[in-house]
Structures are given as C-alpha cells and as structure tokens.
Amino acid sequence: MPPAILIDSLVLSSMYILMAAGLVLLFSIMGVLNFAHGQFYMLGAYGVFYIFQQVGVNYFVALTVSAIFIGFIGILVERYIMRPIAQPLQIIVVTIALSAVIEGIVTVAFGPAPKSVTSAFPGTSELGNVAVSNERVACVVIAVFLIGALYLFVQKTKLGLALRAAAQQPTAAGLFGIRVARISTLVMGIGCGLAALAGGIMAPMFYVDPWIGGVPLVMALLAIVIGGMGSLGGAVLGGLILGITGSLVAYYIGFWSQLLSFGLVIAILLIRPQGLFGFSEK
C-alpha cells in the first residue's frame, strides 16, 4: 500500500474508531444508540474552530476544553432527557429529533457557510518517497494515544471494572453496590467527549459546517455492526476495516468507496450475523 494511502486510511480509521467507541460504550450500558452522536462530533469541530482559530488558544487546550464541555452537554442529555424516558425505542427517536435540533441551533447561531480551521501542524514529512502532511500524521498519533488511554481506562482502573460489570450484568453489578445510573451518565459523557475529540482532530483537514456529522455517524454505526454490537475491540477492528478499504477503493476506483462499505457490512452479516467479535444469542 502506498504510504500516502496508508496515512489517509489511518486518518479515516481514527475518526471511525473514536466515534464508534463512544457508541459502543453507551450501547453496552444502556442498550441504545445515540443518533445525535454525529452532532456532538460537529460541535467538537466548531469548538476547536472558535477556541483555536478565532480566540487563538493552543490547539491541544482548545481540543481538551471542547471535549470536556461537549462531554458535559452529553451528561445533561443523559440525565435530563434519556433517563426520564428510559425506553430504548423512545430514546432512539428522541436522539434523532435532538440531532435535528442541534443542527438547527448551530445553523442559526453560526450560519450555514463552511468554515476552515488553520492547520495546527503545518508542513510535510517524508515517508518513503512521498510527502505526507504533518496534520495527518498528528491526527493518527493523537487518535492512537486516545484509543490506548481509553483501553487502559476500561481494562486497568476500578471505574473501568465497574463499567464492564455494568455492561455485562447490570442487575448483579447493582447488587454489589455499583450505581449503574451513574455509570450510564459517565459513559454518555465519555462517548460525547470522544465524538467531540474526533471532530476537533478532523477539523483542520476538512471544512466545518452544521452537517458534517452525518457521514461519521453512519460509518461508526457500520464499524460497530461489523465488529459486533457491544464490543469495543470489534469497534476498533471495524473502524480499521472501513478506513483501509474505503481509502483503497477511493484511490483506485473513486466514488464507489461508500457503496463498498455497505456491501462489506452485508457480506459480513450474512456470514456472521452477530459481527466479528459479537456473541450469538443461541
């Protein structure tokens, strides 16, 4: 694989994995999918645009502040919208409506015109005989760091252990003193923060507008379906598969990349309906 395509595929994979990780965490605990997840990605991109581009704050500070603020919005959504409703189907419908509300508010507040974010890592680096933008390399490095940090949090901390217990056996976890409702709130905040981080990382490479969250949301959903619903490792693998195949097809064939992604999902589900890392209900 040419180095430039490899980097592009890893950039796309990074976006899909960060988005999918947040969706998987929420699905594992609450059994629902947040269809406003793409709008939190979009809010993260806007946060970096205004804090970094307009105010002139350091890029990493802007990225962190944006993710924390949007994660807090996610916590409020879980606490005051999702939890009172409680029914999975109704929650899904409400998040679909919420996505439209967020897009409308952002469009009215900031306008529909696309906005560009100045690169935080200007210049290029030589990879083999190919010049690759430092922005893309930094995107991959930051995403790998975040994914590694998330893995360590889930696997190596007491809070991560409580999260896994609540995901696997919520009733039993409650009997052992784990407050599943609080875990749900935490997971919503982390998931929305991850989506905001993905948007903030990608903002310097793409235009920012109120509708940029649609494609990342769809691809994240495809990633978790490929990997297996509820599997964090499956979400990582699904994101890698979609990012690599999408970049290769886009480079060699062109506009068929998204069509192939949907075809790939269908093929995998026909062979293994529960996904690559999912468990059969039998």
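In this predicted model, Arg136 pairs up with Asp8 in a salt bridge, with 2.8 Å between the closest N and O atoms. Arg136 belongs to helix 5 (residues 134-156) and Asp8 to helix 1, so the bridge ties together parts of the chain that sit 128 residues apart in sequence. Neither partner needs much introduction in terms of solvent: Arg136 comes out as partly exposed, at a relative accessible area of 27%, and Asp8 is likewise partly exposed, at 31%.

The structure holds 2 salt bridges. Besides the Arg136 pair, there is one in which the side chains of Glu78 and Arg83 meet, at 3.3 Å from N to O. Here the two ends differ in their surroundings. Glu78 has a relative accessibility of 2% and so counts as buried, given that the cut-off for buried is under 20%. Arg83, on the other hand, is partly exposed, with a relative accessible area of 31%.

Back to helix 1, the home of Asp8. Helix 1 has 28 residues, which at 1.5 Å a residue should span 40 Å, and the C-alpha atoms at its ends are indeed 40 Å apart, so expectation and model agree. Most of helix 1 is covered, with 21 of its 28 residues buried. Right after helix 1 comes Gly31, which takes a positive phi of about 70°.

Helix 1 (residues 3-30) also packs against helix 6 (residues 158-168), at an angle of about 55° and with the axes 7 Å apart. That angle makes helix 1 oblique to helix 6, because it falls outside the range of 65 to 115 degrees for roughly perpendicular and is not under 35 degrees, as roughly parallel would require. On the helix 1 side, the contact is made by Leu25, Ser28 and Ile29, and on the helix 6 side by Leu163, Ala166 and Ala167. Sorted by class, this contact has 5 nonpolar residues and 1 polar residue, with no charged residues. The spacing of the contact residues can be read against a general point about helices. An α-helix has 3.6 residues a turn, so residues three or four places apart point the same way.

Helix 2 (residues 37-54) gives a similar picture on length: its 18 residues reach 25 Å from the first C-alpha to the last, close to the 26 Å expected at 1.5 Å a residue. Of those 18 residues, 14 are buried, so helix 2 is largely enclosed by the rest of the structure. Helix 2 is followed by Gly56, whose phi is positive, near 90°.

One residue of helix 2 is Phe49. Phe49 has 7% relative accessibility and therefore counts as buried. Setting aside neighbours within four places in sequence, Phe49 is in contact with Gln54, Lys115, Ser116 and Val117. By contrast, Asn129 is a long way off: Phe49 and Asn129 are 80 residues apart in sequence, and their C-alpha atoms are 33 Å apart in space.

Two serines are also worth a look. Ser66 sits in helix 3 (residues 59-85) and, at 3% relative accessibility, counts as buried. Leaving out residues up to four places away in sequence, Ser66 touches Leu43, Gly44, Gly47, Val48, Ile51 and Ala196. Ser99 is found in helix 4 (residues 88-110) and is buried too, with a relative accessible area of 11%. With the sequence neighbours up to four places away again left out, Ser99 touches Phe35, Ala36 and Gln39.

Further along the chain, Val265 has its place in helix 11 (residues 257-271). Val265 counts as buried, at 8% relative accessibility. Not counting residues up to four places away in sequence, Val265 touches Leu222, Val225 and Ile226. Val265 and Leu242 are 23 residues apart in sequence, with 9.4 Å between their C-alpha atoms.

Note on methods. Residues numbered from 1 in each chain as written. Heavy atoms only, no water. Axes fitted to C-alpha atoms, helices over the stretch in contact; angles between N-to-C directions. Helix = DSSP H or I, 4+ residues; strand = E, 2+ residues; numbered from the N terminus. Parallel < 35°, antiparallel > 145°, perpendicular 65-115°, else oblique. Contact = heavy atoms within 4.5 Å. Nonpolar A, V, L, I, M, F, W, Y, C, P; charged D, E, K, R; others polar. Salt bridge = Lys/Arg side-chain N within 4 Å of Asp/Glu carboxyl O. Buried < 20%, exposed > 50% of the residue type's maximum accessible area, 1.4 Å probe, protein only. Expected span 1.5 Å × (residues − 1).
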